[in-house]
Amino acid sequence: MSKTIHGTMEIKGESFAIVVSQFNEFITSKLLQGATDCLTKHGCNKNNITTVWVPGAFEVPMIAKKLAKTKNFDAIICLSAIIRGQTSHYDYVCQQITKGVGEIGLETQVPTLFGVITCDTLEQAIDRAGAKCGNIGYNAACSAIEMINVIKEIDKL
Ligand code: INI
């Protein structure tokens with residue numbers, strides 16, 4: 001018989017690390033609020049959430065990797081807001097965090113979530129931090145829970 005695995009939204013004592021950028025804190029604080037709301041709403045004890053603030057999106061992968069390597073966390077949720085300016089700086093910061101966060105999950109096998117807004121205007125960022133287009137932090141935390149449960153199911157095979 002065929003088997004289908006679909007991660008549930010159950011939390012059973014798992015620990016989460018959240019890495020959040022101070023750059024554009026007006027936006028990232030809302031992503032952090034969204035992520036913690038999601039985790040606690042699904043049954044996570046606040047004591048099982050560790051939040052680490054870093055200067056900007058560029059610094060997120062290094063700290064996320066350090067946290068993943070401790071093996072003390074079931075998932076790492078990365079939160080940043082990168083808003084395009086007039087130079088190519090935006091592109092380099094986007095490249096670093098996208099590649100970095102992606103590689104951490106693959107290398108450490110600890111689900112590492114990309115709760116990162118990349119956009120052209122502050123208005124677009126606000127829309128994705130709890131206004132018109134939901135909250136990217138909340139969505140990343142949901143994905144973290146789902147990934148933990150997908151992995152658990154695979155480990156039972
Ligand atoms: N960091 C961000 O998190 N978002 C941005 O929009 C941003 N821009 O556009 O400059 C940004 N830059 C800072 C960068 O992440 C590093 O903290 C800095 O370059 C020091 O390494």
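**Note on the predicted model: sheet, ligand surroundings and selected loop residues**

1. At 12% relative accessibility, N135 counts as buried. The model is a predicted one, and this residue is a convenient place to begin reading it. N135 sits in the loop that links helix 4 (122–127) with helix 5 (136–155). Its side chain makes two polar contacts with backbone nitrogens: that of G137 at 2.7 Å and that of Y138 at 3.1 Å. Leaving aside residues up to four places away in sequence, N135 touches K30, L31, G34, R128, A129 and G130. K30, L31 and G34 fall in the range of helix 1 (residues 25–41).

2. K132 belongs to the loop between helix 4 and helix 5 as well. Here the accessibility is another matter: K132 has a relative accessible area of 66% and is exposed, whereas N135 is buried. With residues up to four places away in sequence again set aside, K132 touches E123 and D127.

3. The sheet is open and has four strands in the order 2-1-3-4, paired in parallel. Strand 2 (49–54) and strand 4 (112–119) are at the edges; each has a single partner strand, so one side of each lacks a neighbour in the sheet. From one strand to the next the twist averages 15°.

4. On one side of the order, strand 1 (residues 16–21) runs parallel to strand 2, and six bridges join the two. V19 has V52 as its bridge partner in strand 2. Between these strands the chain passes through helix 1 (residues 25–41), giving a right-handed β-α-β crossover.

5. On the other side, strand 3 (residues 75–83) and strand 4 are parallel and joined by eight bridges. Two of the bridge partners in strand 4 can be picked out: F114 for C78, and I117 for A81. The chain goes from strand 3 through helix 3 to strand 4, and this β-α-β crossover is right-handed too. Helix 3 (residues 89–108) lies across strand 3 and strand 4, and its direction is at about 165° to strand 4.

6. Is strand 4, as an edge strand, enclosed or left open by the rest of the structure? Six of its eight residues are buried, so the strand is largely enclosed by the rest of the structure. The missing neighbour on one side concerns pairing in the sheet; the burial count concerns accessibility. The two statements should be read separately.

7. Which residues surround the ligand? They are F23, N24, G56, A57, F58, E59, A81, I82, I83, H89 and V93. Among them, A81 is also the residue of strand 3 whose bridge partner is I117. H89 and V93 fall within the range of helix 3.

8. Three polar contacts to ligand oxygen atoms deserve a look. The side chain of N24 has an N or O atom 3.3 Å from an oxygen atom of the ligand. The other two involve the backbone: an N or O atom of F58 lies 3.1 Å from a ligand oxygen, and a polar backbone atom of I83 is 3.0 Å from an oxygen atom of the ligand.

9. N24 should also be checked for its backbone. Its phi is positive, about 60°, although the residue is not a glycine. N24 lies in the loop between strand 1 and helix 1, and at 26% relative accessibility it counts as partly exposed. The residue with this phi value is thus one of those around the ligand.

10. K71 has a positive phi as well, near 60°, and is likewise a residue other than glycine. K71 is in the loop between helix 2 (60–70) and strand 3. With a relative accessible area of 53%, K71 is exposed.

11. S15 is in the segment before strand 1. Its relative accessible area is 18%, so S15 is buried, the cut-off being under 20%. Not counting residues up to four places away in sequence, S15 touches N48, N72, F73, D74 and A75. A75 is in the range of strand 3.

Terms used: Residues are numbered from 1 along each chain as its sequence is written. This is a predicted model: local features need pLDDT of at least 70, side-chain atom pairs count only at pLDDT 80 or more; totals for chains, interfaces and linings use all residues. Side-chain values use heavy atoms; hydrogens and water are left out. Two strands pair if DSSP finds at least two bridges between them. Axes are lines fitted to C-alpha atoms, for helices over the stretch in contact, and angles run from 0 to 180 degrees between N-to-C directions. Contact means heavy atoms within 4.5 Å. A crossover is right-handed if, with the strands pointing away from the viewer, the path from the first strand over the helix to the second runs clockwise. Buried means under 20% relative accessible area, exposed over 50%, partly exposed in between (1.4 Å probe, protein chains only). A residue is near a molecule or strand if one of its heavy atoms lies within 4 Å of it. A polar contact is a pair of N or O atoms within 3.5 Å; within protein, one must be able to donate a hydrogen and the other to accept it, and residues adjacent in sequence count only if both atoms are side-chain atoms.
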